2 protein chains.
Amino acid sequence: MTGTTLDDYTDRYARRVRGMTASEIRALFAVASRPEVVSLAGGAPYIAALPLDAVGEMLGRLGSEDGVTTLQYGIGQGTLELRERICEVMSLSGIDVGSGASPEDVVVTVGGQQALDLVARLFLDPGDVVLAEGPTYVGALGVFQAAQAQVVHVPMDEDGLVPEALELAIAEVSKSGRRAKFLYTIPTFQNPAGVTLTEERRERVLDICERAGLLVIEDDPYGQLGFDGDVPAPLRARRRDGVFYLSTFSKTFAPGLRVGWILAPHAVRDKLVIASEAQILCPSAYAQAAVTTYLSTMPWREQLKTYREVYRERRDALLTALQDLMPPGTTWTRPGGGLFVWASLPDGLDSKAMMPRAIAARVAYVPGTGFYADGNGAGHMRLNFSFPPPDRIREGVRRLAGVMEQEIAMRQVFGAIGGPTGRRRGQAGSDTPGPDLA
Amino acid sequence: MTGTTLDDYTDRYARRVRGMTASEIRALFAVASRPEVVSLAGGAPYIAALPLDAVGEMLGRLGSEDGVTTLQYGIGQGTLELRERICEVMSLSGIDVGSGASPEDVVVTVGGQQALDLVARLFLDPGDVVLAEGPTYVGALGVFQAAQAQVVHVPMDEDGLVPEALELAIAEVSKSGRRAKFLYTIPTFQNPAGVTLTEERRERVLDICERAGLLVIEDDPYGQLGFDGDVPAPLRARRRDGVFYLSTFSKTFAPGLRVGWILAPHAVRDKLVIASEAQILCPSAYAQAAVTTYLSTMPWREQLKTYREVYRERRDALLTALQDLMPPGTTWTRPGGGLFVWASLPDGLDSKAMMPRAIAARVAYVPGTGFYADGNGAGHMRLNFSFPPPDRIREGVRRLAGVMEQEIAMRQVFGAIGGPTGRRRGQAGSDTPGPDLA
């Protein structure tokens with residue numbers, strides 16, 4: 001017979017997406033969103049910093065005055081007006097006419113997530129290798145797993161991706177007879193690590209990829225959220241060929257509208273539009289008009305400044321609290337922008353195993369394992385500072401430090417049941433929270 | 001080496017999506033949208049029939065009063081509030097608690113297009129066969145081509161899909177050693193054919209699919225736009241297992257918000273959510289709040305009635321104009337709802353070849369070839385009646401009849417250059433409009 005039962009399909013699909021079902025973040029959100037929990041787990045912007053009255057007025061007019069356009073279908077690539085505004089936004093980062101940026105080569109997407117998914121859909125075949133920082137954005141791992149691609153992580157240090165490690169990874173993939181399709185990188189205020197690739201390394205990474213014939217997918221949601229002066233120009237500002245530049249208005253305006261974009265090499269722009277049409281027909285005309293009008297009529301540069309100031313204060317609150325309260329042996333990154341700090345725990349602590357006890361102590365974070373395709377990361381955690389106010393951040397760190405001290409004490413009393421590696425392996429397959437959570 | 005050049009990728013992808021690049025509709029939109037052209041080519045609802053002042057006021061409040069929620073991230077499945085409203089909407093069509101419909105099994109999507117793409121993404125592997133009506137929705141062909149699946153068309157008559165033809169198609173696919181994954185069907189006010197599957201055939205089609213172990217993907221964007229009394233209940237109202245039900249607010253409210261949904265068999269609901277998260281992270285919280293509030297606080301049932309009345313008048317205008325003006329040998333369907341009439345041209349006329357001359361005569365339609373995966377359809381065209389007002393519809397048909405009469409006269413003077421099949425084949429590969437278009 002030609003067909004199969006629903007059960008067959010379900011089993012088959014379950015095998016295909018096994019990697020995705022273990023996402024710690026999904027399970028976590030349900031409990032972390034309780035009001036009594038200090039959540040350092042999210043990645044949400046502080047929307048209350050927007051001038052909501054004025055935004056609301058603008059949104060209302062888009063319906064009452066321009067409804068016949070904004071509530072109607074649009075074109076797959078996105079409106080020219082928005083693509084022009086996007087070029088204006090990118091020019092702030094040095095991606096301008098001189099570097100070959102043009103509204104013609106911008107494709108408007110449903111947030112940065114669809115941007116990445118479209119690129120993956122264009123290029124990835126099952127079994128292909130993607131190089132990515134380790135740790136990397138959890139949503140990118142979801143895209144690569146859905147494409148049945150293998151992720152090979154490249155280590156970072158405080159200066160971002162390590163060029164020598166990238167060269168080594170390329171060589172090893174090649175030696176093993178596999179095919180690396182591209183480097184996926186978040187060079188600026190990396191999620192989750194909070195580090196930024198230095199000027200000098202940007203050139204070296206680009207040279208290495210160029211020599212290896214490797215495309216670069218540059219994901220840059222945070223580049224305009226720098227707190228401490230100059231931010232290195234994006235990779236795309238340095239090379240017009242071979243770099244796909246992905247960004248979003250989710251961090252600089254509002255994620256609820258789901259508007260992102262790709263600046264694509266001209267040769268594939270049309271393919272991306274066709275792929276996007278197959279996926280969503282067209283991006284929301286209303287959401288596009290909202291972003292366009294926001295960028296045309298409202299003080300968006302001032303709003304960026306506001307977001308930066310709010311987040312700088314919160315980053316400082318987080319760093320100070322970590323310094324004051326964390327047990328010895330804990331280390332963390334000191335991001336110059338963005339939304340996240342990456343903390344490394346004292347030897348032997350396991351962020352995933354500790355999670356149920358942290359939730360019981362009313363604090364949440366994302367365990368480091370969520371950011372690796374290979375089960376690593378249990379000795380680390382991601383801490384968000386964009387959403388909770390400074391005093392809540394400090395309270396969260398106080399609770400977290402308490403849990404960690406308890407863990408350390410328990411380990412000293414009962415001893416370790418196995419080496420850290422053995423324990424990590426054992427827990428990587430489980431995604432049911434422990435009994436403490438109930 | 002592990003990598004390849006951008007050109008390699010582009011070539012490879014061009015091969016993969018070759019079927020999609022020929023979409024007549026894309027090329028058409030640019031010219032058909034000129035104001036002097038009467039476009040019978042679109043599929044757009046008549047948004048001006050909405051109470052735009054009230055909708056605008058509602059949209060404004062969603063920003064100013066609820067912005068911290070509506071402009072923020074949401075969850076992948078969509079809000080419970082909207083999924084409850086969606087169940088209310090479906091219950092109007094007989095998909096209710098009794099047929100196992102629950103907010104738990106609804107997944108909110110970016111329009112009906114993402115709904116279909118997600119199902120394809122879950123189930124289709126390259127080379128798989130999809131059964132679909134011939135002709136069928138052009139956007140569905142885009143999805144199946146992107147998934148590298150083969151579409152086998154099943155003929156319709158005025159009572160919709162022909163059950164005997166479905167059985168035959170299933171047997172032939174099986175005999176050829178290929179694997180049919182599902183039947184994709186638009187049973188009610190079909191796009192583009194405008195026909196509706198009768199009550200009796202609905203049961204037979206479901207029985208045939210059940211016996212063959214074939215899933216059914218029921219696409220139902222138009223079911224609530226019936227003009228002439230009772231509409232047969234959806235397939236999903238008759239079977240709770242084995243049917244995926246897809247719909248959208250694009251035709252009953254506003255396509256610019258991009259909100260659709262899937263009612264999925266419980267066993268795969270979670271897989272759809274995970275696949276959607278990989279694709280778009282989450283649907284727009286703002287757009288979801290807009291639809292929820294529209295359905296909770298505004299007279300949406302009255303609005304449905306308004307849309308039905310507007311479209312019935314326009315359908316009547318189209319049918320009358322066709323009756324009065326079309327050259328002999330032309331036939332067409334008489335839809336009881338929806339947005340489209342399917343017209344069959346006098347022997348020897350080719351709707352695709354004629355298109356440039358139609359545009360020169362300031363009228364646009366979609367050539368029938370756009371709705372077939374196999375190059376068929378040149379003897380047909382799709383005519384939309386939802387967007388242009390009645391007098392423009394009549395003027396469009398008058399222009400179209402003039403072009404057709406000219407074509408017929410030319411054929412009589414110069415004779416046919418080849419049989420209709422030969423001519424169709426020759427033109428199927430071309431997507432540049434002729435010189436008359438300039």
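This tour moves from the confidence of the model to the pairing of its two chains and then to selected local features.

**Confidence**

The structure is a predicted model, so begin by colouring chain A by pLDDT, which averages 89 over the chain, with 87% of the residues scoring at least 70. Next select residues 1-22 of chain A, where the pLDDT is below 50 although the stretch has 56 contacts in the model beyond near neighbours in sequence. Then move to residues 418-438 of chain A, over which the pLDDT again stays under 50 and for which the model has 25 contacts beyond four places in sequence. Where pLDDT is low, the predicted coordinates should not be read in detail. For the complex, the predictor gives an ipTM of 0.90 and a pTM of 0.90.

**The two copies**

Show both chains and superpose them: a turn of 180° with a shift of 0.0 Å along the axis lays chain B on chain A with an RMSD of 0.0 Å. The two copies are therefore related as by a two-fold rotation axis. To find this axis in the viewer, select B:Gly60, whose C-alpha lies 1.8 Å from the axis and which comes closest to it among the residues of chain B. Both copies use the same surface, since 100% of the contact residues of chain B recur in chain A.

**The interface**

Now select the residues of each chain that touch the other, which gives 87 residues of chain B in contact with 87 residues of chain A. About 7,100 Å² is buried between chain B and chain A, and carbon and sulfur atoms give 61% of this area. Across this interface there are 2 salt bridges, and the side chains of A:Asp117 and B:Arg121 can be picked out as a salt bridge with an N to O distance of 2.7 Å. If polar contacts are displayed as well, 23 residue pairs appear across the interface of chain B and chain A, both residues of each pair being at pLDDT 80 or more. Select helix H11 of chain B next, residues 266-280, because this helix contributes 11 residues, the largest share of the side of chain B that touches chain A. By class, that side of chain B has 49 nonpolar, 23 polar and 15 charged residues.

**Backbone features in loops**

In chain B, go to the peptide bond joining B:Gly134 and B:Pro135, which is cis with an omega of about 5°. B:Pro135 is found in the loop between strand S3 (129-134) and helix H8 (138-146) of chain B. Another cis peptide bond joins B:Asn191 and B:Pro192, with an omega of about 10°, and B:Pro192 lies in the loop between strand S6 (180-185) and helix H10 (199-212) of chain B. Turning to chain A, select A:Phe189, where phi is near 50°, a positive value in a residue other than glycine. A:Phe189 is found in the loop between strand S6 (180-185) and helix H10 (199-212) of chain A.

**A salt bridge within chain A**

A search of the whole structure finds 44 salt bridges over all chains. For a case within one chain, select A:Glu199 and A:Arg238, whose side chains meet in a salt bridge at 2.8 Å, N to O. This pair links distant parts of the chain, with A:Glu199 in helix H10 of chain A and A:Arg238, 39 residues apart from it, in the loop between strand S7 (215-219) and strand S8 (243-248).

Terms used:
Residues are numbered from 1 along each chain as its sequence is written. Chains are lettered from A and ligands numbered from 1 in the order in which they are written. Side-chain values use heavy atoms; hydrogens and water are left out. pLDDT is the predictor's confidence in each residue, from 0 to 100. Contact means heavy atoms within 4.5 Å. Copies are superposed by least squares on the C-alpha atoms of residues with pLDDT of at least 70 in both. Buried area is the accessible area (1.4 Å probe) that two parts lose on being put together, summed over both. A salt bridge is a side-chain nitrogen of Lys or Arg within 4 Å of a carboxyl oxygen of Asp or Glu. A polar contact is a pair of N or O atoms within 3.5 Å; within protein, one must be able to donate a hydrogen and the other to accept it, and residues adjacent in sequence count only if both atoms are side-chain atoms. Helices (H or I, at least four residues) and strands (E, at least two) are DSSP runs, numbered from the N terminus. Ala, Val, Leu, Ile, Met, Phe, Trp, Tyr, Cys and Pro count as nonpolar, Asp, Glu, Lys and Arg as charged, and the others, Gly among them, as polar.
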